[in-house]
Amino acid sequence: MKLILRNTANLGCRLGELVDIGRHGNRSFDIPGCLMYARGATVPHLTKDMLASLGKVPSVIQMTLPMLAEYHELLDDYKEGIGKFCNQETSVMFLSVQDPGTSTPSGYNDKQSVSIWCQGGRMKVSSDKFISMLKSFKPDWFECLYDGDQQAIQSSRKRNKKSVERTLTYLDALLNAKQTVQELENMEIFAVVEGGELSEERVSSARETAKRPVSGFVLDGFHGDGMTTNVAKDLMSTILKELPEDKPRLIHGCGRPDQIIQSVEAGVDIFDSSFPYLVTERGCALNFSFRYNSPAEVQDDVVQDSSHGNTQHSPCTDNGDSNHGDRDRQKSEYEMDLTDERYKEDFSPLVQDCQCYCCQHHTRAYVNHLLLTKELLARVLLMLHNFHHYFGFFQAIRDSIQENKFHLLKERILHHQR
């Protein structure tokens with residue numbers, strides 16, 4: 001894996017691409033960009049053909065260990081890997097230890113293992129077990145096992161220090177295995193930076209991790225579990241200064257448009273796309289504008305909403321009383337709740353001028369009906385729209401950096417100019 005940077009002069013944003021990814025070799029991934037979030041190894045609610053209808057989609061599929069761990073023995077017998085098993089053999093497969101689309105209970109890790117939560121309940125994963133799973137799943141790229149389940153604002157200095165030490169121990173075990181286990185030889189490793197909200201522990205973790213021969217880095221703990229916005233910004237800036245410029249940086253759980261804008265400006269390259277999945281699951285559609293070349297534009301859907309009543313949605317707030325799961329279930333101001341009765345007779349598209357299949361062929365009233373009658377098609381149409389909108393947002397981020405207009409996009413997103 002190699003990172004080619006084309007532009008780093010625009011505020012601190014990084015524009016470029018990852019090339020020579022995994023076993024495919026000829027694949028590339030644009031940054032800033034998002035991974036294709038999957039449940040198991042398939043995209044939620046969509047078939048492969050439906051996904052292809054979206055046009056340009058992320059080239060890397062994100063699998064999560066909690067969705068796959070219970071099947072690793074089956075895949076071990078199959079011997080061809082999860083990609084071929086799920087008819088995704090031409091895709092680049094990335095494996096994450098936790099699932100950013102679900103809440104992870106904290107306080108269950110120990111000296112020898114990390115706890116994940118599968119359909120059958122808690123599973124303890126040691127370094128040896130993780131290596132066995134990697135041999136079965138055969139991802140192109142994975143993040144290292146890490147001890148990151150502590151609540152940042154509640155964790156003691158001692159607990160955060162242990163988190164850093166254990167994560168480095170897991171990383172060293174995997175790097176050693178990469179040298180001796182043939183199946184791991186061509187897999188790319190992303191190391192995880194830990195340390196909670198303690199700047200000195202974060203710096204220690206980043207410096208020690210950067211000494212290892214890894215392909216990139218994961219910034220863990222920035223998904224709102226007790227960290228205030230200012231603390232998160234300061235920590236992110238501190239960490240990124242310690243990491244090499246020529247390797248990519250990935251972050252999980254920061255999926256709201258405002259969080260993405262702020263993280264991109266700080267120098268983060270890769271995000272997951274669990275946010276549009278969560279929006280879909282709560283019966284909502286993304287409707288924020290990212291047309292940064294039209295600062296005075298007002299979207300038709302906002303005008304339409306105002307004729308039916310209050311246009312404001314509850315923002316996702318970062319505070320010490322909310323955890324990752326609770327916060328993700330809240331509706332943000334970047335989406336519209338199509339279960340609301342106001343859309344019962346609204347025959348306009350979800351978003352005016354959107355080119356997705358849902359907006360071109362169906363209306364808010366129809367999706368409202370599907371949701372209220374619990375039709376499976378409701379989530380299919382919403383998933384098509386939300387992924388299309390989200391991927392378009394990332395394209396707008398890249399275009400704005402290229403055109404030196406990122407500040408206009410930032411202003412539109414942060415000040416909600418829709």
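How many of the 418 residues in this chain are buried, as a percentage? The figure is 57%. Buried here means under 20% relative accessible area; exposed is over 50%, and partly exposed lies in between, with a 1.4 Å probe and protein chains only.

Some ground rules. This is a predicted model, so to speak: local features need pLDDT of at least 70, side-chain atom pairs count only at pLDDT 80 or more, and totals for chains, interfaces and linings use all residues. Residues are numbered from 1 along each chain as its sequence is written, and side-chain values use heavy atoms, with hydrogens and water left out.

Now the overall build. The chain holds 16 helices and 16 strands. Those are DSSP runs, numbered from the N terminus: helices are H or I with at least four residues, strands are E with at least two. Next, contacts, meaning heavy atoms within 4.5 Å. Take those between residues at least 6 apart in sequence: 70% of them join residues at least 24 apart. The accessible surface is about 17,400 Å², and carbon and sulfur atoms account for 47% of it. That area comes from the Shrake-Rupley method with a 1.4 Å probe; for residues, only the protein chains shown count as cover.

On to the core. A nonpolar core is a set of buried Ala, Val, Leu, Ile, Met, Phe, Trp, Tyr and Cys residues joined through side-chain atoms within 4.5 Å. In the largest one there are 103 residues, and Phe130, Trp141 and Ile397 have the most contacts inside it. Which helix gives this core its largest share? H15 does, with eleven residues. Look at Ile397. Leaving aside residues up to four places away in sequence, Ile397 touches Pro32, Ile260, Ile261, Val264, Phe406 and Leu409. Another core lies apart from the largest one. That second core has 16 residues, including Met336, Cys359, Leu370 and Leu382. Leu370 also appears among the buried residues of helix H14, residues 364–372. The others there are Arg364, Ala365, Val367, Asn368 and Leu371. After H14 comes Lys374, with a positive phi near 60 degrees.

Aromatics next. Rings of Phe, Tyr and Trp (its six-membered ring) pair if their centres lie within 6.5 Å; planes under 30 degrees apart are stacked, over 60 edge-to-face, and the rest tilted. The count is 15 aromatic pairs. Take Phe271 and Phe394. Their ring centres are 5.8 Å apart and their planes sit at 50 degrees, so this pair is tilted. Phe271 is in strand S14 (residues 270–271) and Phe394 in helix H15 (residues 376–402), so to find both you move 123 residues along the chain. Phe271 is buried at 0% relative accessible area, and Phe394 is buried at 1%.

Now Phe288 and Tyr334. Centres are 5.7 Å apart and planes are at 85 degrees, so the pair is edge-to-face. Both sit in loops, 46 residues apart: Phe288 between strand S15 (284–286) and helix H11 (300–306), Tyr334 between helix H12 (324–329) and strand S16 (335–337). Phe288 is buried at 1%, Tyr334 at 3%. These four rings belong to one aromatic cluster, along with Phe275, Phe290, Tyr390 and Phe393.

Where is the largest pocket lined most by one element? At H15, which gives seven residues. A pocket is found on a 1 Å grid over the protein atoms alone: an open set of points where a 1.4 Å probe fits, with protein on both sides within 12 Å along at least five of seven lines, and lining residues have an atom within 4 Å of a point. The volume is about 500 Å³, counted as the space filled by probe spheres set on the points. The lining has 28 residues, and Lys56, His388, Phe391, Gly392 and Gln395 lie nearest the centre. Strands S3 (28–31) and S4 (33–34) also supply at least two residues each.

Last, some backbone details. Pro32 sits in the loop between S3 and S4. A cis peptide bond joins Ile31 to Pro32, with omega about 0 degrees. Asp20 is not a glycine, yet its phi is positive, about 55 degrees. Asp20 is partly exposed at 42% relative accessibility. His45 is similar in kind: not a glycine, with a positive phi of about 75 degrees. His45 is partly exposed at 34%.
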